[in-house]
Amino acid sequence: MPYGHDPHRHPAGPPAAPGAAVARPSSLDTAFALMLLGAGIALLGALFTLFVGVGVGMALSSGSDDPDTSGFAVSMGISVGVAILVSVVPVGLWLWMAFANRAGRPYARVVATGLFGICSLLTLLNVVAGLMAPGDLTSGAAYSLGLVLSLVVWGVGLGATLLLWRPDVSAYIAARSGRAFAPGRPGPSFPDR
């Protein structure tokens with residue numbers, strides 16, 4: 001057995017042609033569904049940001065006795081626009097990663113894992129910021145809803161990331177990219193499950 005090749009673990013035969021029809025594992029389908037769920041939750045977060053931002057802007061401008069609130073309106077519009085952009089970008093990233101991973105792109109699960117790492121860091125910062133900056137009841141309720149959404153998105157990302165690194169998904173990606181294992185050819189060893 002050269003290079004520790006075990007013929008019982010890896011299928012014998014030539015590597016599959018890139019993009020060959022290979023059965024998609026159910027764990028990848030579940031990861032795909034979780035990533036679509038993450039995109040939906042991120043979209044709900046974007047809509048929440050839009051409605052809260054517009055509501056706060058309207059409340060602040062209606063309480064002003066200054067008839068010339070155009071400067072405030074412009075800055076509020078810019079703030080809401082930036083908030084929407086920042087909120088919509090995650091939706092696009094979730095969708096990109098969902099479809100790229102389902103297609104078996106070799107880079108996709110590495111990028112998805114890196115994005116999950118960033119999500120983990122941002123979620124941790126969100127929790128710490130909330131614990132260190134107590135506010136009134138209204139901002140506390142909005143923060144609590146945002147925190148719950150953050151934690152749900154983090155959990156969805158964790159589930160999808162764990163599924164993407166299962167051995168059956170690794171074999172699928174290897175087969176889709178034409179890097180299936182042939183006898184005598186070194187390759188990673190996947191545990192039998």
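# Group meeting talk: a five-helix model

Let's start with a glycine: leaving out residues up to four places away in sequence, Gly38 touches Trp94 and Val156. Please keep in mind throughout that this is a predicted model. Gly38 sits in helix α1, and because its relative accessibility is 0%, it counts as buried. There is also a nice long-range pairing here. Gly38 and Gly155 are separated by 117 residues in sequence, yet their C-alpha atoms are 9.3 Å apart in space.

Let me step back for the overall picture. What does the secondary structure come to? We have 5 helices and 0 strands, so to speak a plain run of α-α-α-α-α from the N terminus on. The protein has 193 residues, and buried ones make up 27% of them. Its accessible surface comes to about 11,400 Å², with 73% of that belonging to carbon and sulfur atoms. For those of you who like contact maps: take the contacts with a separation of 6 or more, and 79% of them are between residues 24 or more positions apart.

Now, on to the inside. The largest nonpolar core has 21 residues, and the ones with the most contacts inside it are Leu28, Ala31, Met35, Trp94, Val153 and Leu164. Which helices supply this core? At least two residues come from each of α1 (26-62), α2, α3, α4 (137-164) and α5 (167-176). The helix that gives the most is α1, with 7 residues.

Val153 is a good place to look around in that core. Setting aside residues up to four places away in sequence, Val153 touches Ile41, Trp94 and Cys119. You'll recognise Trp94, since Gly38 touches that residue too.

Trp94 comes up once more with Leu36, another residue of helix α1. Leu36 and Trp94 are 58 residues apart in sequence, and from C-alpha to C-alpha they are 6.8 Å apart in space. Is Leu36 buried or exposed, or in between? At 34% relative accessibility it counts as partly exposed, because buried would need a value under 20%. As for its partners, again not counting residues up to four places away in sequence, Leu36 touches Leu95, Ala98 and Phe99.

Let's move to helix α3, where we can do a small check. How far apart should its ends be? The helix has 25 residues, 108-132, and at 1.5 Å a residue it should span 36 Å; its end C-alpha atoms are 36 Å apart, so the two agree. The buried residues of α3 are Ala108, Arg109, Ala112, Phe116, Cys119 and Thr123. As a reminder about spacing, an α-helix has 3.6 residues a turn, so residues three or four places apart point the same way. Have that in mind when you read down the list of buried positions in α3, from Ala108 to Thr123.

Two of those names link to helix α4. Cys119 we met as a contact of Val153. Phe116 is touched by Thr161, which also contacts Thr113, leaving aside neighbours within four places in sequence. Thr161 is found in helix α4, and at 11% relative accessibility it counts as buried.

Just ahead of α3, in the loop between α2 (70-102) and α3, lies Tyr107. Tyr107 is partly exposed, because its relative accessibility is 38%. What does it help to make? Together with Leu85, Val89, Leu93 and Trp96, Tyr107 makes a nonpolar surface patch of about 470 Å².

Last topic: charges. Side chains of opposite charge can pair when their charged atoms come close. How many salt bridges does a search of the whole structure find? There are 2. One joins the side chains of Asp29 and Arg24, at 2.6 Å from N to O. Asp29 is partly exposed, with 33% relative accessible area, and Arg24 is partly exposed too, at 37%. The other salt bridge is between the side chains of Arg166 and Asp168, with an N to O distance of 3.5 Å. Here as well we have two partly exposed residues: Arg166 at 31% relative accessibility and Asp168 at 29%.

To leave you with one thing to look at on the screen, start from Trp94. You can go from there to Gly38 and to Val153. Thanks, everyone, and I'm happy to talk through any of it.

Conventions
Residues numbered from 1 in each chain as written. Predicted model: local features only at pLDDT ≥ 70, side-chain atom pairs only at ≥ 80, totals over all residues. Heavy atoms only, no water. Helix = DSSP H or I, 4+ residues; strand = E, 2+ residues; numbered from the N terminus. Expected span 1.5 Å × (residues − 1). Buried < 20%, exposed > 50% of the residue type's maximum accessible area, 1.4 Å probe, protein only. Patch = residues over 30% accessible without salt bridge, like charges linked within 9 Å, V, L, I, M, F, W, Y side chains within 5 Å. Areas by Shrake-Rupley, 256 points an atom, 1.4 Å probe, with all protein chains shown as cover. Salt bridge = Lys/Arg side-chain N within 4 Å of Asp/Glu carboxyl O. Core = buried A, V, L, I, M, F, W, Y, C linked by side-chain atoms within 4.5 Å. Contact = heavy atoms within 4.5 Å.
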